[in-house]
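User: Could you take a close look at the salt bridges here and walk me through where the partners sit?

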Amino acid sequence: MEIDALILSRIQFGFVIAFHIMFPAFTIGLAAFLAVCEGLWLWTKKDVFKRLYLHWVKIFALAFAMGVVSGVVMSYQFGTNWSVFSDKAGSVIGPLLGYEVLTAFFLEATFLGVMLFGWKRVGNKLHFIATAAVAVGTTISAFWILSANSWMQTPAGFAIDAETGNFYATNFWEVIFNPSFPSRYVHMMLAAFITTAAVIMAAGAWQVVRKHSSAPTRWQIRMAAGTLCVLMPMQIAAGHWSGEVAYEYQPAKVAAMEGWWETRDVQGTALFAIPDEENERNIAEINIPGTSPYLFPSAEGPMLGLKDFAKEDRPPVFMVFWAFRIMVGAGLCMLGLGLWGAFLWWRGRIDKAGIFHILAIPGGALGFIAVITGWIAAEVGRQPYTVYGFLRTEDSVAPVSTGQVATSLLIFMIVYAIVFTAGTVYMARIATRGFGDDPTDPPSKENRAPGTPLGSVDDKADARTSNTQPEE
Amino acid sequence: MDLPLIWSGLIATAVMLYVLLDGMDLGVGILTGFAKSDDERNLMTATIEPVWDGNETWLILGGGGLFAAFPLAYAILMPAFYLPVMLMLAALIFRGVAFEFRHKAVRKPTRLFWNGAFFGGSLVAALSQGLVLGGFVQGVTVEGRSFAGGQFDWLTPFSLLVAVSVAVGYVLLGACWLVLKTEGEVQKRARRRGLIALIGVALCFAAVSLATLSLDPQVTERWGFTMSSIEPAKLLPLLPIPAAGLILTALVWRDLSMQVEAPDWRPYVLSAGIFLSGYLGLAVSLFPDLVPYDVDLWEAAARDNSLMLMLVGAAIMLPVILIYTGYVYSLFWGKVDPDEAYHD
């Protein structure tokens with residue numbers, strides 16, 4: 001493959017978005033979790049929920065900061081690397097992104113300040129409203145971004161200007177609620193809640209294994225296991241729905257996900273295969289035959305295989321095929337963890353360290369793995385188009401030089417390596433610390449020099465004073 | 001209704017708000033590099049921690065608004081400023097996470113690293129914004145519907161001058177903000193640094209104003225300067241803009257050097273006025289071009305139905321945003337209390 005600005009821009013976009021997408025996925029779920037905890041605390045007056053809130057809000061602040069800064073990059077890359085796409089599709093998806101900023105970004109960013117720094121200045125109820133505002137903001141943000149992204153998958157409600165070749169909207173309602181939007185939005189929101197639940201369960205399991213567990217730990221594991229247990233089956237249904245819509249509008253993508261080369265009346269499901277794009281076949285395939293009527297009950301006629309599409313219209317099969325399988329595998333593992341956790345809960349054994357807890361620790365990464373691979377399956381599966389069926393990726397790229405993109409790609413790789421590593425370390429440090437040394441009493445101010453924010457107090461020497469107490 | 005004109009006004013306002021708000025906190029970030037102690041540095045960042053994220057959102061609205069309302073201008077300008085934009089983004093990443101990370105770093109080297117990242121990120125972000133602004137004002141090469149110049153076209157003595165001006169201007173805003181939010185020694189030092197920055201601002205803005213006149217005949221024409229003569233009929237109505245800048249500079253000087261008893265908020269507001277005069281001067285020079293000297297705002301605009309849809313959203317949401325932004329600023333009004341952080 002020739003290394004040019006196009007391929008480097010694609011790598012850069014993929015790299016930057018794969019990094020970015022983990023944070024919204026995590027913060028959408030965590031914001032909801034925090035809102036639930038604070039709400040439960042206000043309602044039940046149980047101290048344990050306040051401790052959960054105060055603990056996880058620190059992680060939220062870190063994740064949110066990383067999500068924001070990597071998100072700013074996304075909004076500018078449309079112009080720097082995909083300027084032709086911006087020119088052509090700007091009139092259609094520009095307003096959706098504009099609405100995201102207007103209805104979500106300001107809400108999140110502004111009330112985050114109150115959420116993190118406003119305890120002393122607002123009452124408990126108002127503080128809860130700030131938390132809820134941030135949580136609602138994250139879901140509104142996801143609404144618009146999924147709408148814009150889904151339009152690129154299943155464009156609707158538009159026409160093409162004969163003179164400039166630019167897209168323009170004929171019906172914004174159809175643009176926003178394009179065919180794949182409802183299923184993809186539901187799928188993504190559930191993914192966010194599940195990802196967060198897996199992380200919260202992993203952190204709790206860690207504390208149990210290390211014998212640091214306390215009342216909030218026990219609550220957090222139960223809440224996470226319950227969430228996984230309830231949402232994972234819903235997620236499987238949502239994923240299935242999404243797949244059906246994809247088959248209707250993007251059959252080449254589904255054929256790549258399933259590894260179907262030939263068009264057949266009934267297709268099977270490959271458990272394992274190595275797609276060989278050169279020779280248009282699968283190597284070492286293990287197949288369950290005859291599954292397609294159950295997976296795609298609404299599909300009419302024969303199930304299209306990749307050979308029905310011209311070579312230059314097919315997505316990269318190997319990547320889509322395997323990304324899809326990893327996503328499904330990660331999802332099934334999380335379903336297993338959720339059911340297992342619920343079973344232990346029922347049997348009264350969920351607080352005793354066991355194999356479940358040991359497995360739940362690495363299980364905290366499963367949500368992120370599923371989100372990233374799911375995104376790869378969806379977006380690489382859209383190739384070779386940016387606007388499916390209408391605008392090719394190679395015709396979307398900006399007139400920038402290979403050297404420029406290579407330079408910026410290198411910069412981002414270094415920056416992200418540093419930032420991501422540090423952020424993960426800091427988040428893991430807080431998450432695994434446990435609640436035992438998280439006192440709920442306000443810290444005494446006498447011990448500190450005036451003008452010292454708590455953050456500057458040495459993390460180890462200081463007895464984890466937490467200064468987020470509301471004044472009651 | 002002239003939708004492109006309305007939208008250019010809205011985006012100009014968003015960018016101006018960005019400059020006044022995030023410019024202030026970038027300026028504070030640069031000033032942390034000169035903090036005398038860790039305590040002072042922490043106090044400085046505590047003044048902006050609750051609001052920086054909201055401030056930066058105006059940059060997304062500016063960029064996103066340009067994409068949505070003027071996709072052609074966005075498509076031409078972004079590749080033209082590829083490297084400085086990337087540099088700015090990388091700097092903003094470092095700076096944004098440093099807000100949190102510098103409190104979480106346990107060991108001294110990492111804490112120094114994140115303090116440095118905060119200072120350096122703020123400085124580089126300010127400079128690269130200046131490079132983009134400078135490159136924008138001097139114009140870019142356009143062919144058809146895309147940028148057709150070289151990758152370093154933006155790098156000229158003029159853009160370097162603008163870069164320094166923007167950074168110095170942000171420092172002035174940051175210093176004035178610290179005057180408003182702090183007391184005692186820290187405030188005194190902020191006043192002194194503000195005065196130094198103000199001298200820089202006066203020199204830089206004067207130099208940029210004169211240099212701008214040499215960029216394109218359109219600019220001199222607008223201001224009534226020709227090679228040999230001055231046209232008073234054109235110049236006189238515009239003269240209040242630079243005059244206001246000069247008067248405001250003198251007033252800020254008077255406030256910061258404590259020649260008069262001034263309320264702590266006044267230097268910031270007056271400094272914002274200096275920026276506003278410079279901004280207006282620029283707007284007058286370039287109007288109605290969105291890609292200077294090549295593409296005007298009507299050519300660059302998205303379809304009317306897109307602009308209309310967004311206008312409905314903006315008309316409803318912008319007042320709401322301004323109200324709750326104002327509310328949050330008023331919530332954190334007053335001298336900063338470093339004990340309000342949620343960190344541990």
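Analyst: Here's a walk through the salt bridges, with a short stop at one hairpin afterwards.

First, the ground rules. This is a predicted model, so local features need pLDDT of at least 70 and side-chain atom pairs count only at pLDDT 80 or more, while totals for chains, interfaces and linings use all residues. Residues are numbered from 1 along each chain as its sequence is written, chains are lettered from A and ligands numbered from 1 in the order in which they are written, and side-chain values use heavy atoms, with hydrogens and water left out.

A salt bridge means a side-chain nitrogen of Lys or Arg within 4 Å of a carboxyl oxygen of Asp or Glu. Searching the whole structure turns up 19 of them over all chains.

Take Arg184(A) and Glu379(A): their closest N and O atoms are 3.3 Å apart. Arg184(A) belongs to helix α6 (residues 181-209) of chain A and Glu379(A) to helix α12 (residues 366-380) of chain A, so this pair ties together parts 195 residues apart in sequence. Helices here are DSSP runs (H or I, at least four residues), strands are runs of E (at least two), and both are numbered from the N terminus. Arg184(A) is buried at 11% relative accessibility, and Glu379(A) is buried at 7%. For reference, buried is under 20% relative accessible area, exposed is over 50%, and partly exposed is in between (1.4 Å probe, protein chains only).

Next up, Asp313(A) and Arg392(A) meet at 2.4 Å, N to O. Asp313(A) sits in the loop between α9 (292-295) and α10 (317-346) of chain A, with Arg392(A) in strand β6 (residues 391-392) of chain A, so the bridge ties together parts 79 residues apart in sequence. Asp313(A) is partly exposed at 23%, and Arg392(A) is partly exposed at 21%.

Over in chain B, Asp255(B) and Arg266(B) pair up at 2.8 Å, N to O. Asp255(B) is in helix α11 (residues 240-256) of chain B and Arg266(B) in helix α12 (residues 266-286) of chain B, eleven residues apart. Asp255(B) is buried at 2%, whereas Arg266(B) is partly exposed at 22%. Chain B also has a network: salt bridges with shared partners join Glu40(B), Glu185(B), Lys188(B), Arg189(B) and Arg193(B).

Now the hairpin. Strands β3 (residues 269-276) and β4 (residues 281-288) of chain A run antiparallel, joined by six bridges; strands count as paired if DSSP finds at least two bridges between them. Pro275(A) stands opposite Asn282(A) in β4(A). Four residues lie between the strands, and Glu280(A) takes a positive phi near 55 degrees in this hairpin.
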